[in-house]
Amino acid sequence: QLQLVESGGGLVQPGGSLRLSCAASGFTLDYYTIGWFRQAPGKEREGVSCISSSGGLTDYADSVKGRFTISKDNAKNTVYLQMNSLKPEDTAVYYCAAGPPALYYSDQRFLREKYDYWGQGTQVTVSS
């Protein structure tokens, strides 16, 4: 059974940090583009960051560039999203998703409909 499980969300003050994890089971992340998406109440789900199957290439939405870092540990079959300098507008449910390896190299890598497998999400709340 193919499964992605996110963890690491929580409540943090503005300016704080969190590290989200996305653990895969039933398949190997080596062969997939992995994306992080988020959805705030009343808003569309948007792409935040993605990483190539090799882990050598990464990309970020402009809203998080310079603050978030995506990484991959193939030995643990896990992808991480380190989030620093968090802002209230980062509050959302964060999801990880797996898509085909070629997706990263296309201009559609932040389109949620191109991803095949999704986790259940983890809530991130940035508030004082």
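1. Cysteine 96 is buried in this predicted model, its relative accessible area being 0%, and the residue forms a disulfide with cysteine 22, the two sulfur atoms lying 2.1 Å apart. Cysteine 22 is likewise buried, and for this residue too the relative accessible area is 0%. A search of the whole structure returns one disulfide, and the pair links distant parts of the chain, with cysteine 22 in strand S3 (residues 18-25) and cysteine 96 in strand S9 (residues 92-99), 74 residues apart. The link between cysteine 22 and cysteine 96 is right-handed, with 70 degrees about the S-S bond.

2. Cysteine 50 deserves a separate remark, since this residue is in no disulfide, and the nearest cysteine sulfur, which belongs to cysteine 96, is 13 Å away. The cut-off for a disulfide is 2.5 Å between the sulfur atoms, and therefore a separation of 13 Å leaves cysteine 50 unpaired with cysteine 96. Cysteine 50 is nevertheless buried, with a relative accessible area of 0%.

3. Strand S3, which carries cysteine 22, belongs to an open sheet of four strands in the order S1-S3-S8-S7, and the pairing in this sheet is antiparallel. The edges are taken by strand S1 (3-7) and strand S7 (68-73), each of which has a single partner strand, so that one side of each is left without a neighbour in the sheet. From one strand to the next the twist averages 15 degrees. Strand S3 and strand S8 (residues 78-83) run antiparallel and are joined by six bridges, and the bridge partner of cysteine 22 in S8 is valine 79.

4. Turning to the aromatic residues, the count comes to eight aromatic pairs. One of them is formed by tyrosine 32 and tyrosine 117, an edge-to-face pair with 6.1 Å from centre to centre and 75 degrees between the planes. This pair links distant parts of the chain, as tyrosine 32 lies in the loop between S3 and strand S4 (33-39), whereas tyrosine 117 lies in strand S10 (residues 117-118), 85 residues apart. Tyrosine 32 counts as buried at 19% relative accessibility, and because the cut-off for buried is under 20%, a reader should take that label together with its value. Tyrosine 117, by contrast, is partly exposed, with a relative accessible area of 29%.

5. Another edge-to-face pair is that of tyrosine 95 and tryptophan 118, with 6.4 Å from centre to centre and 75 degrees between the planes. Tyrosine 95 is in strand S9 and tryptophan 118 is in strand S10, so this pair ties together parts that are 23 residues apart in sequence. Tyrosine 95 is buried, with a relative accessible area of 13%, while tryptophan 118 is partly exposed, with a relative accessible area of 28%. Both residues also appear in a cluster in which ring pairs link Phe37, Tyr95, Tyr115 and Trp118.

6. Two contacts between an arginine and a tyrosine ring complete the note. Arginine 19 lies over the face of tyrosine 80, at 4.1 Å from the ring centre. In the other contact, the charged end of arginine 109 sits over the ring of tyrosine 104, at 5.1 Å from the centre of that ring.

Definitions and conventions: Residues numbered from 1 in each chain as written. Predicted model: local features only at pLDDT ≥ 70, side-chain atom pairs only at ≥ 80, totals over all residues. Heavy atoms only, no water. Helix = DSSP H or I, 4+ residues; strand = E, 2+ residues; numbered from the N terminus. Buried < 20%, exposed > 50% of the residue type's maximum accessible area, 1.4 Å probe, protein only. Phe/Tyr/Trp six-rings, centres within 6.5 Å; stacked < 30°, edge-to-face > 60°. Lys NZ or Arg CZ within 6 Å of the ring centre and 35° of its normal. Pairing = 2+ DSSP bridges. Axes fitted to C-alpha atoms, helices over the stretch in contact; angles between N-to-C directions.
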